[in-house]
Amino acid sequence: MAGVKTTPEIKEITKIERIGAHSHIRGLGLDDTLEARAVSQGMVGQKEARRAAGVILKMIQAGQIAGRAILLAGQPGTGKTAIAMGMAKALGEETPFAMMAASELFSLEMSKTEALTQAFRKAIGVRIKEETEIIEGEVVEIEIDRPATTGSAAKTGKVTLKTTEMETIYDLGQKMIESLQKEKVQAGDVIAIDKASGRISKLGRSFARSRDYDAMGPATKFVQCPEGELQKRKEVVHVVTLHEIDVINSRSQGFLALFAGDTGEIRSEVREQIDGKVAEWREEGKADIVPGVLFIDEVHMLDIECFSFLNRALENDLAPIVVVATNRGITKIRGTNYKSPHGIPIDLLDRLLIIQTKPYSEEELRLIIDIRCEEEDVEMSDDAKELLTKIGTETSLRYAMQLITSSYLIAKRRKAAEVDIEDVSKSYSLFVDVKRSTQFLIEYQDQYMFNEIKASEVQPMES
Ligand SMILES: Nc1ncnc2c1ncn2[C@@H]1O[C@H](COP(=O)(O)OP(=O)(O)OP(=O)(O)O)[C@@H](O)[C@H]1O
Ligand SMILES: [Mg+2]
């Protein structure tokens, strides 16, 4: 019969991973003396700027600077955002890194200063030391009573735990039973139960059980049976940001808002209360401040109110390191009629350490293209890479990077395993770069709407 399927369709399941513009950046690529390696951690060239960023990082990690601001200034596509990403990667888990584009401030349902305050507080960590009580021992036996009548009756049970010195039987409630089952805990496992939260973590299998290799995978971790008492006090340290504390404590929001991302405005009384509490903890030695990094990209999009806010906020005791980036030259400060370098008011500029990024050499372009081909899993012939590099020097690094993907798709259409010159040139003719597009606009301007510019007024797009 036509149209009737007799075999199930088998679809290949392929892993889908999106590759972002900066996914190849894994750090700043510096050596121990903070010298920039030629090619390392996905970074190429731009050595002075990377080194400068590395010096700043060291100062941050040593906790030496707070309330400073750094400006990354340079032409489009010279790696400013990439360097900021590299800093974030190099900072490690503990130090908060908050990132925003200045333009985001204008699309939020809260005031600009509230949004900036939240961004600042996302970049400040509080390292909190807490003592918790835990029960740690090797599981001797788990006994779960099945209720005689199947139905809603809650399960109950017992777990026997031991250390090298003692053995105790604990009663289990429904929730504990569920988490024991979820963690697949069985006799012979060494577990820790957090008394306050009831959270169970499996620490490994007891060495005493290393001989029964029935149900063990190769990844099984063996640990000693704990010594001493079953109940212990343990110090745990964790870092949360001030913003997270704000949100959790703002009654109208609740911590679920952290997951929704929709936190709304937070009342200033809440913040004052929290700052007071944190100061108390610091005095009692229960907490430390971990100043992190706030990165504001495209900082020329901030307006004069935001700039004043920044000036003041940087002088606050609890200020993070602020890193801003811009590709603008001398231009109007948003919200005023005044011009200033980078569109940033002089009083703020004066507080900034400036790191400059410079255009790439042909050789560096070639290396970045190499890295991107690898990152995107694209096989490309040397000739094609050469052409792409030429295109990059004539147009821009970004444009050349875009052509990697489109050339790859074109090569795939002709079932080639490798991208060759013809694919790159096809791609080059399909997608115009800014220069050619501008040329076209100048020639055919009469046919476009809102056309105001005369050909003689168009400045060459130097980048
Ligand atoms: N030194 C570098 N090493 C490796 N990749 C780089 C380097 N510099 C830039 N890139 C990559 O080139 C692309 C463009 O760089 P990036 O976005 O950082 O430029 P930018 O200076 O922020 O430009 P804009 O001013 O337009 O924001 C990105 O995909 C980036 O990851
Ligand atoms: Mg950028």
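**Figure 1. Ligand 1 sits between two domains.** In this predicted model, domain 1 (39-123 + 292-357) and domain 3 (362-431) both give residues to the shell around ligand 1, so the ligand lies between them. Which residues come nearest? Of the 22 residues around ligand 1, the nearest are Gly79, Lys80, Thr81, Ala82 and Asn327. Three elements each supply at least two residues of the shell: strand E2 (43-44), helix H2 (80-91) and helix H12 (397-413). Sorted by character, the shell holds 9 nonpolar, 11 polar and 2 charged residues.

**Figure 2. The whole chain, for orientation.** Before zooming in again, take a look at the full chain, with its 14 helices and 17 strands. The chain has 463 residues, and buried ones make up 30% of them. Now consider contacts between residues at least 6 apart in sequence: 66% of these join residues at least 24 apart.

**Figure 3. The largest nonpolar core.** In soluble globular proteins, nonpolar side chains tend to be buried together. Here the largest nonpolar core has 79 residues. The residues with the most contacts inside this core are Leu72, Ala84, Met87, Val293, Leu294 and Val323. Which helix gives the most to this core? That is H12, with 8 residues. To explore the core from one point, start at valine 293 and look for its contacts beyond four places in sequence: Ile60, Met87, Leu91, Phe97, Ala123, Pro320, Ile321 and Val323. There is also a second, separate core of 7 residues, and among them are Val139, Leu161, Leu172 and Val190.

**Figure 4. Strands E5 and E11 side by side.** Strand E5 (residues 124-145) and strand E11 run antiparallel and are joined by 11 bridges. To find your place in this pairing, look for valine 126, which stands opposite valine 240 in E11. Is strand E11 (residues 231-241) largely buried or in the open? Of its 11 residues, the number buried is 1, so E11 lies largely in the open.

**Figure 5. A hairpin made by E6 and E7.** Strand E6 (residues 156-162) and strand E7 (residues 167-172) run antiparallel, with 6 bridges joining them. Together E6 and E7 form a hairpin, with 4 residues between them. A handy pair to look for is lysine 162 and its bridge partner in E7, glutamate 167.

**Figure 6. Two residues with positive phi.** Glutamate 298 is not a glycine, yet its phi is positive, near 50 degrees. You will find glutamate 298 in the loop between strand E13 (293-297) and helix H8 (304-314). With 18 other C-beta atoms within 10 Å, glutamate 298 is partly exposed. Lysine 415 is not a glycine either, and its phi is positive at about 55 degrees. The loop that holds lysine 415 runs between H12 and helix H13 (421-430). Is lysine 415 buried or exposed? Lysine 415 counts as exposed, because it has 6 C-beta neighbours inside 10 Å.

**Figure 7. Threonine 326 and its surroundings.** Threonine 326 is part of strand E14 (residues 321-326). It has 23 C-beta neighbours inside 10 Å, so threonine 326 counts as buried. Setting aside residues up to four places away in sequence, threonine 326 touches Ala73, Glu298, Val299, His300, His342 and Gly343. Let us follow one of these, His342. Histidine 342 and threonine 326 are 16 residues apart along the chain, and their C-alpha atoms are separated by 6.8 Å.

**Figure 8. Serine 250, a buried loop residue.** Serine 250 lies in the loop between helix H5 (242-249) and helix H6 (256-260). Why does serine 250 count as buried? Because 21 other C-beta atoms lie within 10 Å, and 20 or more is the cut-off for a buried residue. Not counting residues up to four places away in sequence, serine 250 touches Ile266, Arg267 and Val270. Glutamate 269 is 19 residues from serine 250 in sequence, and the two are 9.5 Å apart in space, C-alpha to C-alpha.

**Figure 9. Aspartate 377, an exposed loop residue.** Aspartate 377 is found in the loop between helix H10 (362-375) and helix H11 (382-394). With 9 C-beta neighbours inside 10 Å, aspartate 377 counts as exposed. How far apart are aspartate 377 and threonine 405 in space? From C-alpha to C-alpha they are 9.8 Å apart, while in sequence they are 28 residues apart.

Technical notes. Residues numbered from 1 in each chain as written. Chains lettered and ligands numbered in written order. Predicted model: local features only at pLDDT ≥ 70, side-chain atom pairs only at ≥ 80, totals over all residues. Near = placed C-beta within 6 Å. Nonpolar A, V, L, I, M, F, W, Y, C, P; charged D, E, K, R; others polar. Domains from an automatic or database assignment. Buried ≥ 20, exposed ≤ 12 C-beta atoms within 10 Å, placed from the backbone. Contact = placed C-beta atoms within 7 Å. Core = buried A, V, L, I, M, F, W, Y, C linked by C-beta atoms within 7 Å. Pairing = 2+ DSSP bridges.
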